[in-house]
Every structure is written in C-alpha cells, then in structure tokens.
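Reader: I would like to go through the terms used for this model one by one. Please set each value against its definition.

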Amino acid sequence: MSYLIPALVIGIVLFFRLRRVNKAQPLNVGRLWIIPAIYGAIAIAVLVATPPNASGWGLCLVGLALGSLLGWQRGRMMRIDVDPATHRLTATQSPAAIMFIVVLIAVKSTMRGVDVASVGGLHLTPQSLTDVLIVFALGLLGVQRLEMYLRARRLLADARC
C-alpha cells in the first residue's frame, strides 16, 4: 500500500502532463523564478532544520552540481517559440523532457527503501540521501528555468530586430 498511493499520484500527474506534451503553452519569462524561489526556500528550511555533516555538505554540492547540469539539459529540451506578429512567447515540452522526469522519479522511488547506502566508503543515511535529492531538485529546477529565461530573452531580442 505504501507504494500504491505514490504510484497512483505520480500516474495521475504524469497523465495530465503527457496531455500537454507537444502543445504550446504561453511562457511568461517574468514568472520563471517563482518555482525555484519557493523550492529554494523549502530547501533552505530543511537544511537549516537538520544540517548535514561535513561529508553530507560535500554530497549536497555534488547533488546540486549534477542537478544543475541535468536542469540545463532539460531546459534545452523545451521548445520556445516567438510569435512574429505579437512577440508572445510559447513553450512546448518535449516527450524527452517528460521521460527525463519519469526516470528521476523512478530513481528516487528505488531509493525509498534504502536504510543505509554505502557509496565509495560513505555511509549515507536516509536524511543525507534526502538532503542530496533536495538540492539536486533545486539545481534541476533553478537551472532549467534559467536556461529557458536566457533562451527566451535571446529569441525575443532576435524577433524584435
């Protein structure tokens, strides 16, 4: 039962997300910062409430770097178009970007049952794994939105010329 409810929720969310794949959605570049800011506040609150040890901070930095790299790639997968007449931006999510998220969810789900993992001699507790995943998601969301923002601004500037 503990796996059924999360799987059902994830399935419902993915169902609605997959319906929007390849459909252009309005893109407001002025609002791209909101989700990363909210998630950043949550990440800070979690890390301040129960700070990781020294090796945990190092792993968090690795998680943040890896999340940032993958976020940049996921942001590149988003198609951004500019209407030549109105200069309105639209973003189209690619199926690859959705599959990317499905793989990340699957990896996180497999880690749920882990009590203590041993990676390179480090013993990771569930708390340290959670911390790493939180900063990974922060890097993923933040850099994805940053990549989309920079590309949208560049496309908009090119359309106005």
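Author: A salt bridge here is a side-chain nitrogen of Lys or Arg within 4 Å of a carboxyl oxygen of Asp or Glu. The model is predicted, so local features need pLDDT of at least 70 and side-chain atom pairs count only at pLDDT 80 or more, while totals for chains, interfaces and linings use all residues. Residues are numbered from 1 along each chain as its sequence is written, and side-chain values use heavy atoms, with hydrogens and water left out.

Reader: Why is the contact of arginine 151 and glutamate 147 called a salt bridge?

Author: The distance from N to O between these two side chains is 2.8 Å. The cut-off is 4 Å, so the pair qualifies.

Reader: Where do arginine 151 and glutamate 147 lie?

Author: Both are in helix 5 (residues 126-160), four residues apart, about one turn of the helix. Helices (H or I, at least four residues) and strands (E, at least two) are DSSP runs, numbered from the N terminus. Arginine 151 and glutamate 147 are both buried, a term that means under 20% relative accessible area, with exposed over 50% and partly exposed in between (1.4 Å probe, protein chains only).

Reader: How many salt bridges does the rule give?

Author: The count comes to two. Besides the pair in helix 5, aspartate 81 and arginine 79 meet through their side chains at 3.0 Å, N to O.

Reader: What makes aspartate 81 partly exposed and arginine 79 exposed?

Author: Aspartate 81 has 27% relative accessibility, and partly exposed covers values between 20% and 50%, so that label applies. Arginine 79 has 53%, and exposed means over 50%, so arginine 79 is exposed.

Reader: Why is aspartate 131 called buried?

Author: Its relative accessible area is 1%, so aspartate 131 is under the 20% limit. Aspartate 131 is found in helix 5. Leaving aside neighbours within four places in sequence, aspartate 131 is in contact (heavy atoms within 4.5 Å) with Val46, Leu47, Thr50, Pro52 and Cys60.

Reader: Which residues of helix 3 are buried?

Author: They are Gly56, Cys60, Gly63, Gly67, Gly71, Arg74 and Gly75.

Reader: How do you know that the span of helix 3 is close to the expected one?

Author: Helix 3 (residues 54-77) has 24 residues and reaches 35 Å from its first C-alpha to its last, against an expected 34 Å. The expected span is 1.5 Å times one less than the number of residues.

Reader: What makes strand 1 and strand 2 edge strands?

Author: The open sheet has three strands in the order 1-3-2, with antiparallel pairing. Strand 1 (25-26) and strand 2 (79-82) each have a single partner strand, so one side of each is left without a neighbour in the sheet.

Reader: How do you know that strand 1 and strand 3 pair?

Author: They are joined in the antiparallel sense over two bridges, and pairing requires that DSSP finds at least two bridges, so the condition is met. Glutamine 25 stands opposite alanine 91 in strand 3.

Reader: Why is glutamine 93 called buried, and what is it in contact with?

Author: Glutamine 93 has a relative accessible area of 9%, so it falls under 20%. Glutamine 93 is found in the loop between strand 3 and helix 4 (95-111). Leaving aside neighbours within four places in sequence, glutamine 93 is in contact with Arg17, Val21, Asn22, Arg74, Met78 and Ile98.
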